[in-house]
Amino acid sequence: MLARAIFLLVGLSLGATQIPALVEKFQPRPETSIEKAEARPEAAKPEAVSLGGVNLKADARGHFNATFRINGKSFDGLVDTGASMVAINETIARRLGYGVNSLDFKYAISTANGQTMAAYVKLDRVEIGAIRVQNVDAMVLKDNALGNMLIGMSFLKQLSSFKVSGGEMRLVR
């Protein structure tokens, strides 16, 4: 009788520790933008789907802030010509449907705040006003490493031009 009880306890203990891992392994996860991009290699380069231009006025510190639509959802961001890529934090990534477990923070990057680790994603579309760019490379940073979204060169280089003059930035698709 004691042997059965011990065997039952060991079996229940093993089951309790292994079942969550099995459920996670077999539970369907939403397809990430990276997986979508790998499935469609012809869509790897960002492309315009509409024409237009947008003027942004500098704030008191000379920064260009605006509301951008990422995959159809609105977020405030800062245009940063010194950033190689669009940078979003984990909170924004979760709102866009990227789960914490699907992000692989394996890229060491340098920011204005120092070194940190980031995860690569490909955003389906980034929009501001009449400007729309698809398949934009982006990095996801931990919330404590990035407080606001940065719109970097992975978006800006897909425009026909961007220029700053007299406290105003002009973006043209």
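This passage walks through the confidence, strands and buried residues of a predicted model.

Confidence is a good place to begin. The mean pLDDT of the chain is 80, and 71% of the residues reach at least 70. Two stretches call for care. In residues 21-27 the pLDDT is below 50, and the model gives this stretch one contact beyond near neighbours in sequence. Residues 29-50 also stay under 50, although here the model has 37 contacts beyond four places in sequence. Where pLDDT is low, the coordinates of a prediction should not be read in detail.

With that in mind, the strands can be followed one pairing at a time. Strand β7 (residues 114-128) makes a helpful guide. Strand β6 (residues 107-111) pairs with β7 in the antiparallel sense through five bridges, and a hairpin with two residues links β6 to β7. One bridge in this pairing sets Thr111 against Gly114 in β7. On to strand β8 (residues 131-141): β7 and β8 are antiparallel and share ten bridges, with Lys122 standing opposite Asp137 in β8. The hairpin of β7 and β8 also has two residues between its strands, and in it Gly129 adopts a positive phi near 55°. Strand β3 (residues 64-70) is a further antiparallel partner of β7, joined by two bridges; here Arg69 has Glu127 of β7 as its bridge partner.

Elsewhere, three strands form an open sheet in the order β2-β11-β10, with antiparallel pairing. Because β2 (53-57) and β10 (161-165) each have a single partner strand, they stand at the edges, and one side of each lacks a neighbour in the sheet. From one strand to the next, the twist averages 15°. Between β10 and strand β11 (residues 168-172) there are five bridges, and one of them matches Lys163 with Arg170 in β11.

Next come the buried parts. The largest nonpolar core has 33 residues, of which Leu56, Phe68, Ile88, Leu123, Ile128 and Phe155 touch the most other members. A second, separate core of nine residues includes Leu78, Ala87, Ile109 and Met139. Beyond four places in sequence, the contacts of Ile88 include Leu96, Leu123, Met139 and Met149.

Glu90 offers a closing example. This residue lies in helix α3 (residues 90-95). Its relative accessibility is 12%, so Glu90 counts as buried, the cut-off being under 20%. Beyond four places in sequence, Glu90 touches Phe105, Val140, Leu141, Lys142 and Asp143. Glu90 and Leu141 are 51 residues apart along the chain, yet their C-alpha atoms are separated by 6.2 Å.

Key:
Residues numbered from 1 in each chain as written. Predicted model: local features only at pLDDT ≥ 70, side-chain atom pairs only at ≥ 80, totals over all residues. Heavy atoms only, no water. Core = buried A, V, L, I, M, F, W, Y, C linked by side-chain atoms within 4.5 Å. Buried < 20%, exposed > 50% of the residue type's maximum accessible area, 1.4 Å probe, protein only. Contact = heavy atoms within 4.5 Å. Helix = DSSP H or I, 4+ residues; strand = E, 2+ residues; numbered from the N terminus. pLDDT = per-residue confidence, 0-100. Pairing = 2+ DSSP bridges. Axes fitted to C-alpha atoms, helices over the stretch in contact; angles between N-to-C directions.
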